[in-house]
Amino acid sequence: MIMKEFQYTVKDACGIHARPAGLLVKTVKGFASSATLEKDGKSCDMRKLMALMGMGVKQGETVTVKVEGDDEEAAAAAIQKFLTENV
C-alpha cells in the first residue's frame with residue numbers, strides 16, 4: 001500500500017493551537033484522502049479539530065503526517081505547505 005508520509009518540526013511558539021488547527025482541518029477536508037498526524041506513538045484523524053488539538057503538539061516537537069487516498073500527492077503537498085507557512 002502506497003501513501004505519502006513526511007515529518008515536520010513545529011516552529012510556532014504556541015505549537016498547533018486552536019487557530020492553526022482549525023485552518024489545518026479545513027485544508028485537509030478539501031481533499032478526498034485521509035490524513036493522520038502522529039506524535040509519540042499517538043495518532044489522530046486530521047479532519048477532527050478536537051482530536052488534533054488534543055495531541056498537544058508544542059514548539060520543537062516533530063510530528064509525522066501520513067496521507068492516503070486518490071489525491072494523496074496534492075493533499076500531502078498542501079498540508080506540508082500549510083505547516084511550513086503557519087506552524
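Reader: Why is Asp-40 called exposed?
Author: Asp-40 has a relative accessible area of 67%. The cut-offs, with a 1.4 Å probe and protein chains only, are under 20% for buried and over 50% for exposed, with partly exposed in between. So Asp-40 counts as exposed. Bear in mind that this is a predicted model, where local features need pLDDT of at least 70 and side-chain atom pairs count only at pLDDT 80 or more, while totals for chains, interfaces and linings use all residues. Residues are numbered from 1 along each chain as its sequence is written, and side-chain values use heavy atoms, leaving out hydrogens and water.

Reader: What makes the phi of Asp-40 worth a look?
Author: Phi there is near 50 degrees, and that's a positive value in a residue other than glycine. As for its place, Asp-40 sits in the loop that runs between strand S2 (34–39) and strand S3 (42–45).

Reader: How do you know which stretches get called helices and strands?
Author: They're DSSP runs, counted from the N terminus: H or I over at least four residues for a helix, E over at least two for a strand. On that basis the protein has three helices and four strands, in the order β-α-β-β-α-β-α from the N terminus on.

Reader: Why is Leu-52 called buried?
Author: Its relative accessible area is 1%, so Leu-52 falls under the 20% limit and is buried. Leu-52 belongs to helix H2 (residues 49–54).

Reader: What makes a residue a contact of Leu-52?
Author: Heavy atoms have to come within 4.5 Å. Setting aside residues up to four places away in sequence, Leu-52 touches Ala-21, Leu-24, Val-25, Leu-37, Cys-44 and Met-46. As for Asp-40, twelve residues away in sequence, its C-alpha is 14 Å from that of Leu-52.

Reader: Is Glu-72 buried or exposed, and how do you know?
Author: Buried: its relative accessibility is 10%, so it is under 20%. Glu-72 lies in helix H3 (residues 72–86). Its contacts beyond four places in sequence are Ile-2, Met-3, Lys-4, Ser-33 and Val-67. Between Glu-72 and Ser-33, the C-alpha atoms are 5.6 Å apart across 39 residues of sequence.

Reader: Why is Met-3 called partly exposed?
Author: At 32% relative accessible area, Met-3 falls between 20% and 50%, so "partly exposed" is the right label. Met-3 is in the segment before strand S1 (4–9). Not counting residues up to four places away in sequence, it touches Lys-66, Val-67, Glu-68 and Glu-72. The C-alpha atoms of Met-3 and Lys-66 are 6.9 Å apart, although 63 residues separate them along the chain.

Reader: And what makes Glu-68 partly exposed?
Author: Its value is 27%, so Glu-68 is also in the in-between range. Glu-68 is part of strand S4 (residues 62–68).

Reader: How do you know the radius of gyration agrees with a compact globule?
Author: The rule, taken over C-alpha atoms, is 2.2 Å times the number of residues to the power 0.38. For 87 residues that puts a compact globule near 12 Å, and the protein has 12 Å, so the two agree. The C-alpha trace spans about 35 × 25 × 20 Å along its principal axes. Buried residues are 34% of the 87, and of the contacts with a separation of 6 or more, 69% come from residues 24 or more positions apart.

Reader: What makes a residue count as positive or negative here?
Author: Lys and Arg are positive, Asp and Glu negative, with His and the chain ends not counted. Each charge is placed at NZ of Lys, CZ of Arg, CG of Asp or CD of Glu. The mean positions of the 12 positive and 12 negative charges are 7 Å apart.
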